[in-house]
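Student: I'd like to zoom in on a single part of this protein rather than skim the whole thing. Could you walk me through the place where side chains of opposite charge pair up?

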Amino acid sequence: MREREAKSVFPKGVHMTPIPSPLLGPLLAEIHDIGELKCTLRAVSLIHQATKKPRYISEHQLLSDEVLLNSLGSIEAISE
């Protein structure tokens, strides 16, 4: 298949979230648990979606996030 004909894995117009380069290098080496990786990726996504400057999220936002709750099963798992 030629490069022009290659299809994207994601649907056209899908929202993309940039990942900071250190997260894919030295910080990734420090993540030893799938729950920690899920929380880190979700936090990056939520921070990217924040509209206020400076961009941030609160601990409460992370602990009450439906995606993380469904993925990890409990607030305690997110807290870890």
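Tutor: Let's start with the overall layout and then go to that one spot. Keep in mind that this is a predicted model. The protein has five helices and zero strands, so to read its elements from the N terminus you just go α-α-α-α-α. The C-alpha trace spans about 50 × 30 × 25 Å along its principal axes. Its radius of gyration is 16 Å, while a compact globule of 80 residues would be near 12 Å.

Now for the charges. Side chains of opposite charge can pair when their charged atoms come close. The protein carries 9 positive and 10 negative charges, and the mean positions of the two groups sit 18 Å apart. Searching the whole structure turns up one salt bridge. The partners are arginine 42 and aspartate 65, whose side chains meet at 2.9 Å, N to O. Arginine 42 belongs to helix α2, residues 34-49, whereas aspartate 65 is in the loop between α3 (59-63) and α4 (66-72), so the pair ties together parts that are 23 residues apart in sequence.

Take a look at aspartate 65 itself, too. Its relative accessible area is 9%, and the cut-off for buried is under 20%, so aspartate 65 counts as buried. Buried residues make up 19% of the 80 residues in the protein. As for the outside, the protein exposes about 6,600 Å², with carbon and sulfur atoms supplying 59% of that.

Notes: Residues numbered from 1 in each chain as written. Predicted model: local features only at pLDDT ≥ 70, side-chain atom pairs only at ≥ 80, totals over all residues. Heavy atoms only, no water. Helix = DSSP H or I, 4+ residues; strand = E, 2+ residues; numbered from the N terminus. Rg over C-alpha atoms; globule rule 2.2 N^0.38 Å. Buried < 20%, exposed > 50% of the residue type's maximum accessible area, 1.4 Å probe, protein only. Areas by Shrake-Rupley, 256 points an atom, 1.4 Å probe, with all protein chains shown as cover. Lys, Arg positive; Asp, Glu negative; His and termini not counted. Charge placed at Lys NZ, Arg CZ, Asp CG, Glu CD. Salt bridge = Lys/Arg side-chain N within 4 Å of Asp/Glu carboxyl O.
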